[in-house]
Amino acid sequence: MSVVNIINLLGGLGLFLFGMKYMSEGLNQVAGSKMKNLLEKLTRNRFKGFLLGVLVTAVIQSSSATTVMLMGFLNAGIMDLAQATGVIIGANIGTTVTAVLIAIDVSAIAPICIVIGAGMALFAKKQKQKYIGQIILGFGILFFGLKYMSGENAMGVLKTNEAFQNFITSFNNPLIGILIGMLFCAILQSSSAAIGVLQVLALSGGVPINLAIFLIIGIEIGSVTPLVLSSLGAKTNAKRAAFVYFVFNVVPVIYLPLAYCEPFLNFINKIGANGSVEVAACHIIFKIATALILLPFVPQIVKLSEFVVKSKEHESVLRFMFIDKRITENTTATVLQIGSEVERMAKVVRNNFVLACEGYLSKSLENEQEIRDNEELINWLNHNISDFMVTVCSGEIAAEDSEYVGKLFHVITDLERIGDHAENILNRTKVIQESELDFSEDSMKEIKKLYETVLELLDRAIGCFVNKKFSDFEEHELHNLENTIDKLTLEAQDNHVQRLKEKKCHTSSGVVYTKLLQDLERVGDHAYNIAWAARKDKNLIRQI
């Protein structure tokens, strides 16, 4: 094989890999936002999850990308590992579509795809049309690269290369074959690409099916390398998902005896019109057989992953529970993680507000340290979620996700301010204790009624944010609640002035009381802002 042949081979390989990556990126952009809706509707039925995994990966053509996306959804709390396992098993079958297309050889339409795809990618006005053009162009480049690799000036020369043919016919060491396949896949960083190149090699050089089986098994094992590397240092759920993926791709080792089974080899020879079809057939059979073996044992696989990957014990609560900064390849999953982290922040804020108000009503500082610790966590989340969202928005992100993240900026600001007011209420309780201030029974009833109304508004507002729904009816209801809060605040202030006139209240107590009313009223305003952020038809966020 001359230097020219090698250069032609590498050039074709480069086109093939670039086309596959370019097409996959386009598919992700077009279909990525829809994947979220599909996965959110996923049930605990492992078989439905399996079919969804097949569908998703058949669309985006990367089982690793699907699994990375699942890691993000796991971290966001949208699904558990049992659900994700079914999808991962299905994903490994969906990725065989590329091998099928290569086997039926659609390279004849590659030039047409390149022309149409380039035209759309360069001249289309709408972004979605540009992405569709990217898909078509990537598809054309992929098959043009395959055709170039298999040409007489590249791999085609192997048909007449005596040294290569002697090596192929005498090769019978399965371990070396598996190691070569693993290395090959690890270098290309894609099992689909490695299988595609193997198909071209089988078509051009006449790779016997027994050697192809060794290489296919090695490629399957090697495909876990990128995912395992990306999960290093990641959160526990991400590591467990990577382990499940590893289990699926190591199981094909049990098919090794088939390389010496004459009935199976004869069956494959009857299916395959050429070496490329034979490789695709083996690849698909192994994937489907593995899925049928593992699918009934999803609960056991999950337990095994939990046994192998232990839960981490974290020293500090000042950490993300849902966001995983190491896994950000899929922006849709990342945005969902951010939403879950903000929801967590909302729960902490709500808890702090209740603790502070109940402490005031009972004149107790029993929960002071918990409130201080929660406030530290709220401030940490506010700062770090904001920084992470800036990083996410600086990359390529879908318009719908970008709009949602923009609203989250406002939500966490309002949550942080509610947290500040909760701390203010705690400080006022502390002043009451230290100064031994007393309040009339009427003033305590007014505060309790106002607090309960504000808490109702806050709970309903958080519910709107979590469910991403703020209907006209709900907006009317919450608006009335906010007006009620304003009315109760004004009435309490008027009653306080009257009590001062009647000397039923001391001035020092009145200062604390007035500031407390302001805190509660402002919490109501910020709560209404949070609900307003759930409106999809509002371009501007209502800010008090």
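**Helices and their packing**

Mentor: Helix 22, residues 507-532, has 26 residues and spans 38 Å from its first C-alpha to its last, which is close to the 38 Å expected at 1.5 Å a residue; here the expected span is 1.5 Å times one less than the number of residues. The model is predicted, with local features needing pLDDT of at least 70, side-chain atom pairs counting only at pLDDT 80 or more, and totals for chains, interfaces and linings using all residues. Residues are numbered from 1 along each chain as its sequence is written, and side-chain values use heavy atoms, with hydrogens and water left out.

Trainee: What makes helix 22 "mostly covered"?

Mentor: Of its 26 residues, 19 are buried, where buried means under 20% relative accessible area, exposed over 50%, and partly exposed in between, with a 1.4 Å probe and protein chains only. Over the 544 residues of the protein, 52% count as buried.

Trainee: Why is helix 13 called largely enclosed by the rest of the structure?

Mentor: In helix 13, 11 of the 15 residues are buried, so the helix is largely enclosed. Among these buried residues are R240, F243, Y245, F248 and N249. Helix 13, residues 236-250, reaches 21 Å between its end C-alpha atoms, close to the 21 Å expected at 1.5 Å a residue.

Trainee: How many helices and strands does the protein have?

Mentor: The protein has 22 helices and zero strands, both being DSSP runs numbered from the N terminus (H or I over at least four residues for a helix, E over at least two for a strand).

Trainee: How are helix 17 and helix 19 oriented, and what is that description based on?

Mentor: The axes of helix 17 (residues 331-361) and helix 19 (residues 399-435) come within 9 Å and cross at roughly 20 degrees. That makes helix 17 roughly parallel to helix 19, because angles under 35 degrees count as roughly parallel, over 145 as roughly antiparallel, 65 to 115 as roughly perpendicular and the rest as oblique. Their contact has 21 nonpolar, six polar and two charged residues, and their crossing is left-handed.

Trainee: Is R417, which lies in helix 19, buried or partly exposed?

Mentor: R417 has 35% relative accessibility and therefore counts as partly exposed. Its C-alpha atom is separated by 9.6 Å from that of N379, with the two residues 38 apart along the chain.

Trainee: What is the orientation of helix 6 relative to helix 7?

Mentor: Helix 6 (residues 110-123) and helix 7 (residues 127-149) pack at an angle of about 150 degrees, with their axes 7 Å apart, and that angle makes helix 6 roughly antiparallel to helix 7. The contact includes C113, G117 and M120 of helix 6, together with Q129, G133 and F139 of helix 7. By class, its residues divide into 15 nonpolar, five polar and one charged, and the crossing of these two helices is left-handed.

Trainee: Why are helix 11 and helix 15 called oblique to each other?

Mentor: Helix 11 (residues 209-222) and helix 15 (residues 275-294) pack at about 50 degrees, with their axes 10 Å apart, and they are therefore oblique to each other. Their crossing is right-handed. In this contact (heavy atoms within 4.5 Å), I209, A212, I213, I216, I217 and E220 of helix 11 meet E278, V279, C282, H283, F286 and K287 of helix 15. These residues divide into eight nonpolar, one polar and three charged.

Technical notes
Axes are lines fitted to C-alpha atoms, for helices over the stretch in contact, and angles run from 0 to 180 degrees between N-to-C directions. A crossing is left-handed if the near helix is turned anticlockwise from the far one by less than a right angle, and right-handed if clockwise. Ala, Val, Leu, Ile, Met, Phe, Trp, Tyr, Cys and Pro count as nonpolar, Asp, Glu, Lys and Arg as charged, and the others, Gly among them, as polar.
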